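Student: Please take a close look at one part of this model, a single strand and what surrounds it. Keep the cut-offs explicit, and set that part against the rest of the chain.

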Amino acid sequence: MLEKTAGVSESMETPGSQTSLHRANLERVVRAVRMAGSLTQAEIARSTGLSAATVSNIVRELKDGGTVEVTPTSAGGRRARSVSLSGDAGIVVGVDFGHTHLRVAIGNLAHQVLAEESEPLDVDASSAQGFGRAEQLVNRLIKTTGISPEKVIGVGLGVPGPIDVESGTLGSTSILPGWTGINPSQELAGRLGVPVYVDNDANLGALGELVWGSGRGVRDLAYIKVASGVGAGLVIDGHIYRGPGGTAGEIGHITLDESGPVCRCGNRGCLETFTAARYVLPLLKPSHGPDLTMERMVQLAREGDPGCRRVIGDVGRHIGSGVANLCNLLNPSRVVLGGSLAEAGELVLGPIRDSVSRYAIPSAARQLSVLPGALGARAEVLGALALVLSEMGDSTLLESTLPAATPAFT
């Protein structure tokens, strides 16, 4: 007997409704596996609400159609079968434009990274040059893997700036000033000939850590990235929260001191003016030279340099104030610190926790864990892969691998 799918009336008994129900059940299973990478059949049943018998029959059908692969595994000491999307079902591409780099990754629908490469990128380069280099690098990596370009079903694109949700254009950014007003999705899709999904780097960092890194196993988290600016990617109930205008997570513009330094946004004393590289590094350049970078500052702090340790501790306390505000508003269960600053470990994480315990509601602070990112500089490009996996349609995937679905009495 077919199981009821949300929104489908139990009284609908026509063959057409049976076909629709079966199709919906197929898509529920594919979606669960797609988002997790791999699941046992018992895990699929729990996450979809379908019975074990229904899942078993659907997995058999998907396997016969080449949509999924099934391998023996164990769960809780018992034999089980792990289900993942077939490596032949499609390929996804991640592209990340950073402050000084371009990074590209190729992956399959089973969450396996097949190839990855990074190269320097001049931040003053025009958008046409940037997209041209991205096109070349994508094509070169696809050729390296030996995979047919026709297998590519989508590209995830990360940019270091806000995306207008209505127009799809890149908003004003001091990192890529020559790109303001450009529609990155259209630009790259026109070059590669496949759908392109775009988001800012903080949101993609959150997705990357959620799927592959320090955010695994939680459904509510904030990913904080401190670089030339400060941003947060917010995950609520397992999904990125962007807000109606796409600007959710601009934690860098929380006001800490109304008499503080003037921020690039026009306000005074924003969190960014106490934590971002452009404001922090000048504090140390008189004693450490004009070529100091965030990475070098972190390295020196780990080696015991007292000045670098003091600055990183201060940065951590300021970040913690912003995180405390997030705790009071959203009550996330985890905060993941990304970017080069995360390499400072407890030198920065300890002060963050101290500020959270001081300024956050006690119940929210007790429930929060603060961790360094597990993916380092790869977080955003892996998040771009995850973006495609989350945005692609299950119906399209089924149509590419299965014949027209027929009613199955499961």
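Tutor: The answer below takes up β12, its sheet and the cavity beside it, and then turns to a second strand elsewhere in the chain.

This is a predicted model, in which local features need pLDDT of at least 70 and side-chain atom pairs count only at pLDDT 80 or more, while totals for chains, interfaces and linings use all residues. Residues are numbered from 1 along each chain as its sequence is written, and side-chain values use heavy atoms, with hydrogens and water left out.

For the setting, the protein has 15 helices and 13 strands (DSSP runs numbered from the N terminus: H or I over at least four residues for a helix, E over at least two for a strand). Of its 410 residues, 52% are buried (under 20% relative accessible area with a 1.4 Å probe and protein chains only; exposed is over 50%, and partly exposed lies in between). Among contacts (heavy atoms within 4.5 Å) between residues at least 6 apart in sequence, 60% join residues at least 24 apart.

Strand β12 covers residues 334-338. The loop that joins α11 (306-330) to β12 holds Asn-331, which has a positive phi of about 55° although it is not a glycine. Asn-331 counts as partly exposed, at 38% relative accessibility. In β12 itself, five of the five residues are buried. Arg-334, Val-336 and Gly-338 point one way, Val-335 and Leu-337 point the other way, and burial holds on both sides.

The sheet explains who the neighbours of β12 are. Five strands form an open sheet in the order β11-β10-β9-β12-β13, with mixed pairing (two strands pair if DSSP finds at least two bridges between them). The edges are β11 (239-240) and β13 (369-372), each of which pairs on one side only. Strands of a sheet pair through backbone hydrogen bonds, in either the parallel or the antiparallel sense.

On one side of β12, strand β9 (residues 221-226) runs parallel to it and is joined to it by five bridges; within that pairing, Ile-224 has Leu-337 as its bridge partner. On the other side, β12 pairs with β13, again in the parallel sense, over four bridges, and there Leu-337 is partnered by Pro-372. Leu-337 therefore has a bridge partner in each flanking strand. At the β11 end, β10 (residues 230-236) and β11 run antiparallel and are joined by two bridges, with Ile-236 opposite His-239.

Leu-337 and Gly-338 also help to line the largest cavity, together with Glu-209, Tyr-223, Gly-339, Ala-342, Glu-343, Gly-373 and Gly-376. A cavity here is a set of points on a 1 Å grid over the protein atoms alone where a 1.4 Å probe fits but cannot get out, and lining residues have an atom within 4 Å of a point. Grid points are joined across faces, edges and corners, and a volume is the space filled by probe spheres set on the points. The count comes to one cavity of 30 Å³ or more, and the largest holds about 40 Å³. By class its lining has three nonpolar, four polar and two charged residues; nonpolar means Ala, Val, Leu, Ile, Met, Phe, Trp, Tyr, Cys and Pro, charged means Asp, Glu, Lys and Arg, and the others, Gly among them, are polar.

Elsewhere in the chain, β4 (91-97) can be set beside β12. In β4, seven of the seven residues are buried: Ile-91, Val-93, Val-95 and Phe-97 point one way, and Val-92, Gly-94 and Asp-96 the other. β4 pairs with β5 in the antiparallel sense over seven bridges, and the two form a hairpin with three residues between them; Phe-97 has Leu-102 as its partner in β5. With β7, β4 pairs in the parallel sense over six bridges, and Val-95 stands opposite Leu-157.

β4 is also one of the elements that the buried residues of α4 pack against, the others being β5 (101-108), β6 (113-120), β7 (152-159) and α5 (184-192). Those buried residues include Phe-131, Leu-137, Val-138, Leu-141 and Ile-142. Helix α4 has 19 residues (127-145), and its end C-alpha atoms are 27 Å apart, in agreement with the expected span of 27 Å, which is 1.5 Å times one less than the number of residues. Gly-146, with a positive phi near 75°, follows α4.

How values were computed
1 Å grid on protein atoms, 1.4 Å probe; cavity = no way out; pocket = protein on both sides within 12 Å on 5 of 7 lines; lining within 4 Å.
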